[in-house]
Amino acid sequence: MSDGHTANRLAVESLAAGDPTGWFEPLYAAASLGRTSVPWDRGGPQPLLVNWAREENLSCAGRRAVVIGCGLGDDAEFVAGLGFDTVAFDLSASAIRMARHRFPRSDVRYVQADLLDPPATWPGAFDLVIEVQTVQALPDPERGRAISAVSGLTAPGGTLVVVTAAAETTEPKSPVPPWPLTRAEIEAFATGGLVRERLDDVRHPAGPGGGRFWLAVFRSDL
């Protein structure tokens, strides 16, 4: 099955039509029919997220989490397994159906939603916000809006964890996503009362650009 080729073709067509997020649904729809695969499907949770969680002494009782751009659900299932009351959302209705089918007995609430236009009750509602390699799929100006929207989901006293491909400011930009985030873009998540607590520049083989990632943790100071 094709993976990167199909995703690239759909992304190019969608970007040319002025719809930078329009390619996700046809990709997941094709994957649900076995016509392609999802390039970013790791078959398990993001390793850097797992490592961070193991380093933390998380107190989860009664705490709410949200997983952004959940795809097929592995990160969401991992977070729910830590004890969080977990909501996971994706723009693609097919992705949500696939996640529910993949984890039929899950406690995760899988929801179709748009990060750039989230439900009115979500901003400031989550004690733990997980953003794994979603914003890197967006061009400007949607990227800047998405960064603000991600941060805005974090509750007072909450935590935002971001795992994303990392870029130097001098790197040429690819015509298709993903577009790794620069240091300045990662720092931009520190808004609305969020303060950066940690920023690791990590090498890991499961990523573009030689596997260079940012692992960033932000805490609300409210």
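**Briefing: Gln 133, helix α4 and the α2–α5 contact**

The side chains of Gln 133 and Gln 46 form a polar contact at 3.4 Å. The model is predicted. Besides Gln 133, this briefing addresses helix α4, where six of eight residues are buried, and the pairing of helices α2 and α5, whose axes come within 7 Å.

**Surroundings of Gln 133**
- Gln 133 lies in the loop that links β4 to α6 (142–152).
- With a relative accessible area of 19%, Gln 133 is classed as buried, because the class covers values under 20%.
- Apart from neighbours within four places in sequence, the contacts of Gln 133 are Arg 42, Gln 46, Val 163, Thr 164 and Phe 213.

**Helix α4**
- Helix α4 spans residues 74–81 and is mostly covered.
- Its buried residues are Asp 74, Asp 75, Ala 76, Glu 77, Phe 78 and Val 79.
- The elements covering these buried residues include the helices α3 (47–55) and α5 (93–102), together with the strands β1 (64–68), β2 (85–90), β3 (109–112) and β4 (126–132).
- Gly 83, which follows α4, has a positive phi near 110 degrees.

**Packing of α2 and α5**
- Two packed helices are described by the angle and the distance between their axes.
- The axes of α2 (residues 24–32) and α5 cross at roughly 40 degrees, and α2 is therefore oblique to α5.
- From α2, the residues Glu 25, Tyr 28, Ala 29, Ala 31 and Ser 32 meet Ala 93, Ser 94, Ala 95, Arg 97 and Met 98 of α5.
- The residues of this α2–α5 contact comprise six nonpolar, two polar and two charged.

Conventions. Residues numbered from 1 in each chain as written. Predicted model: local features only at pLDDT ≥ 70, side-chain atom pairs only at ≥ 80, totals over all residues. Heavy atoms only, no water. Buried < 20%, exposed > 50% of the residue type's maximum accessible area, 1.4 Å probe, protein only. Helix = DSSP H or I, 4+ residues; strand = E, 2+ residues; numbered from the N terminus. Contact = heavy atoms within 4.5 Å. Polar contact = N/O pair within 3.5 Å; in protein donor to acceptor, adjacent residues only side chain to side chain. Axes fitted to C-alpha atoms, helices over the stretch in contact; angles between N-to-C directions. Parallel < 35°, antiparallel > 145°, perpendicular 65-115°, else oblique. Nonpolar A, V, L, I, M, F, W, Y, C, P; charged D, E, K, R; others polar.
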